[in-house]
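Trainee: Could you take a close look with me at one part of this model, its strand pairing, and then carry on from there?

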Amino acid sequence: MVQLTVDIGGRPGIDCRGFCAYCYFRHTGKKEIPAFGCRYCLPFMKGCDYCRKGVKEEYPGFKPLREIADAVLADIQSVRGDITRVTISGGGDPSCYPEFLDLVDLLASLEAPLHIGYTSGKGFDDPGIADILIEAGLTEISFTVFASDPALRQRYMNDPTPEVSLEIIRRLASEIDVYAASVILPGVNDGTVLEETCRWLEEIGVKGHILMRFANATDQGLILENGPIIADHPVQTVEEFSAMVASAAACCTMKVSGTPLADPDIGSPFAIRHEPDLIARLPRVEGTASVITGSVAAPFIREILDACGGGDVVPVAKEIACLITADDLRGLDLSTLAGTVIIPGRSFVFLPEAEAILSADGIHRQVIRGPEMLTADAETSMGMTRDGVLEMEFCGFTDLIGMINLYGR
C-alpha cells in the first residue's frame with residue numbers, strides 16, 4: 001500500500017478565515033517558543049523543524065499550486081507500487097486554499113481515492129462543492145461540525161456561511177465516508193445540543209463523531225504558552241468527559257468516540273486490558289525501569305504491566321503523554337525513580353536534557369525513548385477495527401516490556 005500525503009501549508013488562524021473560539025493555536029501570536037526537543041532531533045543538537053516549527057504549525061502560508069504539483073510528482077517518482085490513497089493536509093484549512101478546485105482536479109488525475117484529513121468547511125461558500133469533490137474521487141473526509149445549530153457554528157467557529165457548511169456535510173455523507181469532529185465546550189455544545197447534533201449526523205449518514213475535550217491550561221495539553229484559550233471557561237474533568245462520550249455513544253448506532261477518553265465500541269484506549277489471553281502472551285517484566293507517562297494513561301499502563309509481573313509507572317502532571325515536555329520532568333520526585341527511565345516516544349523532550357534533569361540529585365539515570373504508541377486515541381481508532389487496535393497495543397507493550405528488560409537495572 002502506498003499512501004501519498006499532500007501538504008498544502010497554511011497558518012492556523014490566518015489561512016482558515018480566523019480562529020475558532022476554542023482553537024489550540026489561539027493567542028500564540030508572534031511569541032517565540034524555544035525548541036522543545038523531540039524524537040527527530042539529532043543526538044547532539046536540540047531542535048529540529050518538527051519541534052521548532054511543526055508543533056506550532058509555523059508555515060509561511062499556503063504553498064503555491066505549482067510547488068505542490070512538483071512535490072507530488074517527486075513523491076510519485078520515488079514510490080513503488082500503486083498509490084492507494086491521497087491525503088490533503090496542512091496547517092491551514094484546505095477549504096480555504098485559494099486554488100482548491102485546481103488542486104482537487106490535479107489530484108483526481110492520479111485516479112486514487114482522495115482523503116481530506118481535516119477541514120472546518122469555513123472556506124466553502126457553495127453547496128455544489130460537495131458534488132465536485134465526489135466526482136473527483138473523494139472517498140473520506142474529516143469535517144469539524146461543532147454543532148448542527150448554524151448559529152452556534154457561526155459564533156464559535158467564525159463560519160460566515162454555516163448553513164452552507166452543514167449542507168455540504170449532508171451531501172457528502174450521502175455518498176462517501178464522513179467523520180465529524182466536535183471540540184466540546186461545556187455549557188455550549190454539550191447536553192441537549194450534543195444530543196441533537198449526534199441525532200442529525202446519524203440521520204444524514206455520517207460514519208462517526210469524534211468528541212474532543214476542550215483544553216484550557218498547560219496540564220491539559222497547552223504547551224505553546226497560550227493559555228487560557230477562553231478565560232474562565234469551565235473544563236470537564238477527564239472522568240466527566242468520558243462519561244459524556246459513553247452516554248452519547250449509547251444513544252447512537254453511529255460510532256461516537258472521544259479523546260482523550262474513550263472509544264466505547266472498541267474499549268480503547270488500552271483495550272488489551274480486557275483481553276486476558278493477549279495479556280498472557282505478552283513478555284514478562286524482568287527488568288527494573290521507571291516508565292514516565294501522562295496522568296490519563298498512567299493507571300491503564302500500570303494495570304497492564306502489573307499483569308505482566310509488575311512495573312514502575314510514574315505520571316507527570318500533564319494529562320497527555322505525547323505532550324510531555326522537559327518542564328514536566330522537573331516536577332518529579334527523583335528519589336522515586338529507577339536507574340533507567342523510559343519516556344513516551346512522541347514526547348517533546350531532548351534526551352540529553354532529560355538525563356540532566358533526571359540525574360540532578362547526583363545519581364546518573366539512563367533515559368530511553370519508548371515506543372511511538374501504546375494505544376490508539378479516538379482520532380486513530382475511529383477508522384480501525386478492534387482487532388487492529390489490539391494488534392497495535394500488543395506490539396506497543398511488547399516493545400515497552402522489551403525495553404524494560406533490556407535496559408532496566
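Mentor: Happily! Two strands pair if DSSP finds at least two bridges between them, and the strands (E, at least two residues) and helices (H or I, at least four) are DSSP runs numbered from the N terminus. Before using that, note that this is a predicted model, where local features need pLDDT of at least 70 and side-chain atom pairs count only at pLDDT 80 or more, while totals for chains, interfaces and linings use all residues. Residues are numbered from 1 along each chain as its sequence is written, and side-chain values use heavy atoms, leaving out hydrogens and water.

Let us start with the open sheet of four strands, whose order is β9-β8-β10-β11 and whose pairing is parallel. Its edge strands are β9 (312-315) and β11 (366-369), each of which pairs on one side only. From one strand to the next, the twist averages 30° (axes are lines fitted to C-alpha atoms, for helices over the stretch in contact, with angles from 0 to 180 degrees between N-to-C directions).

Inside this sheet, β8 and β9 run parallel and are joined by four bridges. One place to look is T293, whose bridge partner in β9 is P315. Strand β8 covers residues 290-293, and its side chains alternate: S290 and I292 point one way, V291 and T293 the other way, and all are buried (under 20% relative accessible area, against over 50% for exposed and partly exposed in between, with a 1.4 Å probe and protein chains only). Towards the other edge, β10 and β11 also pair in the parallel sense, over four bridges. There I342 has I368 of β11 as its bridge partner.

From here we can carry on to the other sheet. Seven strands form an open sheet in the order β1-β2-β3-β4-β5-β6-β7, with parallel pairing. The edges are β1 (2-7) and β7 (255-259), which each pair on one side only. Neighbouring strands of this sheet are turned by 15° against each other on average, direction ignored. Within it, β2 (residues 83-89) and β3 (residues 114-119) pair in the parallel sense over three bridges, and the partner of I88 in β3 is I116.

The loops around these strands have some backbone features you may want to check. Two of them sit between β7 and α9 (276-281), the loop that holds P260 and also P269. The peptide bond from T259 to P260 is cis, with omega near 15°, and a cis bond with omega of about 5° joins S268 and P269. Elsewhere, E111 has a positive phi of about 55° although it is not a glycine. E111 is found in the loop between α3 (100-108) and β3, and its 74% relative accessibility makes it exposed. F146, in the loop between β4 (138-144) and α5 (150-157), likewise has a positive phi, near 65°, in a residue other than glycine. F146, though, is buried, with a relative accessible area of 1%.

Next, the rings. The rule takes rings of Phe, Tyr and Trp (its six-membered ring) as paired if their centres lie within 6.5 Å, calling planes under 30 degrees apart stacked, over 60 edge-to-face and the rest tilted. By this rule there are ten aromatic pairs. In one of them, Y50 and F348 have ring centres 5.8 Å apart and planes at 15°, so the pair is stacked. Y50 belongs to helix α1 (residues 49-52) and F348 to the loop between β10 (340-343) and α12 (351-358), so this pair ties together parts that are 298 residues apart in sequence. Y50 is partly exposed at 33% relative accessible area, while F348 is buried at 4%. Ring pairs link both of these residues with F36 and Y40 into a cluster.

Finally, a helix. Helix α7 (residues 191-204) has 14 residues and reaches 20 Å from its first C-alpha to its last, close to the 20 Å expected at 1.5 Å a residue (1.5 Å times one less than the number of residues). Its buried residues are L194, T197, C198, W200, L201 and I204. They cover an arc of only 165° around the axis, so they lie on the same side of α7 (the arc uses directions from the helix axis to the C-beta atoms). On the other side of α7, T192, E195 and E203 are exposed.
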